[in-house]
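Please open the structure in your viewer and keep the sequence beside it. The tour below goes from one selection to the next and says what is found at each stop.

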Amino acid sequence: MHPYLEISPEVQEALDNDRPVVALESTLVAHGMPYPKNIETAERLEQIVRENGAVPATIAILNGKLKVGLSQDELLTLGTSKDIYKVSRRDIPMIIAKKLNGSTTVASTMIIASIAGIKVFATGGIGGVHRGAEKSFDVSADLMELANTRVAVVCAGCKSVLDIGLTLEYLETHGVAIVGYKTPHFPAFFTRRSGFKVDFFMDTVQELATSFQAKLDLRLKGGMIIANPIPEEFEMPYEVIQEAIDDAIDESEDKGLIGKEITPFLLKRIDELTEGTSLASNQKLVYNNALVAAQFAVELSKVKA
Ligand code: PSU
Ligand code: MN
């Protein structure tokens, strides 16, 4: 076994037998949602993955170990401690050496999933190119990871705290395909549309699995984005969410925030400004991503066999 990894027995058994596994991230738990909704969400996500025939593998770094599959106590530590480092690609070696606790973003979850041999990952939304990036250079490391690491990410698009147009251009340049699952539109997290289109439309998980397997077989580097819009009944009114996002961004600029603090700040402020209604939508869309990711992982294991 890999010296830095600690894979739970349940996940290890599934991997050994080529059974479907879905990776889940932990920055959403530690920095994306408040306690206790974060724990409730994380537990429900694992349950949904199980109900749909796959094994959940929530990923984090605890005491310097790359953990794949967490116990209830470990999840609680992540969701309640104040000193959980937000870990992206650059941070992993130092968090190991210092034996710290860290939550994994989309980028670092992809890396650890890939080391463990997991191919499918469900999250809420990916990071991207921030508005004003031509001055700040704020481009999430998630995008470079999607360009390099062979893990398929099921998400509800990205929030319009980002510059969605620039995010899509960046992904195109780096060879990352965006497949709309049952939609021709690239979703904007809280809303089913962003004003942008996806690159490909697919309406079965079989087709998703066949295309991702082709990428793996050809050893083409990089992942794939499966854009799965929030279910219609949980979508937020466009103006309400847009106003909260604009206000949150103004506040972050007033505070002079930079770097990795920006995304958690915006998520928290949007939740406060919408009085928790955005958090409820957030939960529903992540659940829907876990569902599709599990179905996709089941198909992928059949295609491979
Ligand atoms: N977008 C969301 N919710 C989240 C995140 C992004 O709607 O929780 C988290 C993810 O873990 C993502 C990270 O990988 O924020 C991106 O952070 P940054 O922008 O600092 O790269
Ligand atoms: Mn950033």
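Before selecting anything, note that α1 is followed by Asp18, whose phi is positive, near 55°. The model is a predicted one. Asp18 is not a glycine, and its place is the loop between α1 and β2. As background, most residues other than glycine have a negative phi.

**Helix α1**

Now step back from Asp18 and select residues 9–16, which make up helix α1. Which residues of this helix are buried? They are Val11, Ala14 and Leu15. Viewed down the axis of α1, these buried residues fall within an arc of 100°, so they line one face of the helix. Turn the helix over: the face directed away from the buried side carries Pro9 and Asp16, both exposed.

To see what the buried residues of α1 pack against, add β1 (5–7), β2 (21–24), β3 (55–62), β4 (65–68) and α6 (106–116) to the selection.

**From β3 to β4**

Two of those strands, β3 and β4, are joined by a loop that holds Asn63. Asn63 is another residue to check for its backbone: its phi is near 50°, a positive value in a residue other than glycine.

**Ser108 in α6**

Next, pick Ser108, which is found in helix α6. Is Ser108 buried or exposed? Its relative accessibility is 0%, so Ser108 counts as buried. Leaving out residues up to four places away in sequence, Ser108 touches Val87, Ser88, Arg89 and Ile92.

**The ligand site**

Select ligand 1 and display the residues around it. There are 14 of them, and those that come nearest are Lys86, Ser140, Asp142, Lys159 and Thr263.

Three polar pairs can be checked with the distance tool:

- Glu25: a polar side-chain atom lies 2.9 Å from an oxygen atom of ligand 1.
- Lys86: a polar side-chain atom is 2.7 Å from an oxygen atom of ligand 1.
- Ser140: an N or O atom of the side chain is 2.7 Å from an oxygen atom of ligand 1.

Switch on a surface for the ligand as well. Taken alone, ligand 1 exposes 470 Å², and the protein buries 92% of that.

**Ser194 and its loop**

One of the residues nearest to ligand 1, Lys159, leads to the next stop. From the C-alpha of Lys159 to that of Ser194 is 9.1 Å in space, while the two are 35 residues apart in sequence. Ser194 sits in the loop between β9 (178–181) and β10 (200–202).

How exposed is Ser194? Its relative accessible area is 22%, and Ser194 is therefore partly exposed, the cut-off for buried being under 20%.

Show the surroundings of Ser194. Apart from neighbours within four places in sequence, Ser194 is in contact with Ile164, Phe186, Pro187 and Ala188. The side chain of Ser194 reaches the backbone oxygen of Phe186 at 2.6 Å. A polar atom of that side chain also lies 3.1 Å from the backbone nitrogen of Phe196.

**Helix α11**

Move on to residues 238–254, helix α11. This helix has 17 residues and reaches 24 Å from its first C-alpha to its last, close to the 24 Å expected at 1.5 Å a residue. Colour its buried residues: Ile241, Gln242, Ala244, Ile245, Ala248, Ile249 and Ser252. Why do they sit on the same side of α11? They cover an arc of only 160° around the axis, which puts them there. In general, an α-helix has 3.6 residues a turn, so residues three or four places apart point the same way.

On the face of α11 turned away from the buried side, look for the exposed residues Glu239, Glu243, Glu253 and Asp254. The cover over the buried residues includes α12 (262–273) and α13 (277–304). Just past the helix, α11 is followed by Gly256, with a positive phi near 70°.

**Arg269 in α12**

Within α12, select Arg269. At 19% relative accessibility, Arg269 counts as buried, given that the cut-off is under 20%. Not counting residues up to four places away in sequence, Arg269 touches Ala248 and Glu251. Ala248 is one of the buried residues of α11.

**Last stop: a cis peptide**

Finish at the loop between α2 (27–32) and α3 (37–51), where Pro36 is found. The peptide bond from Tyr35 to Pro36 is cis, with omega near 5°.

Conventions:
Residues are numbered from 1 along each chain as its sequence is written. Chains are lettered from A and ligands numbered from 1 in the order in which they are written. This is a predicted model: local features need pLDDT of at least 70, side-chain atom pairs count only at pLDDT 80 or more; totals for chains, interfaces and linings use all residues. Side-chain values use heavy atoms; hydrogens and water are left out. Buried means under 20% relative accessible area, exposed over 50%, partly exposed in between (1.4 Å probe, protein chains only). Helices (H or I, at least four residues) and strands (E, at least two) are DSSP runs, numbered from the N terminus. The arc is that of the directions from the helix axis to the C-beta atoms. Contact means heavy atoms within 4.5 Å. The expected span of a helix is 1.5 Å times one less than its number of residues. A polar contact is a pair of N or O atoms within 3.5 Å; within protein, one must be able to donate a hydrogen and the other to accept it, and residues adjacent in sequence count only if both atoms are side-chain atoms. A residue is near a molecule or strand if one of its heavy atoms lies within 4 Å of it. Accessible areas come from the Shrake-Rupley method with a 1.4 Å probe; for residues, only the protein chains shown count as cover.
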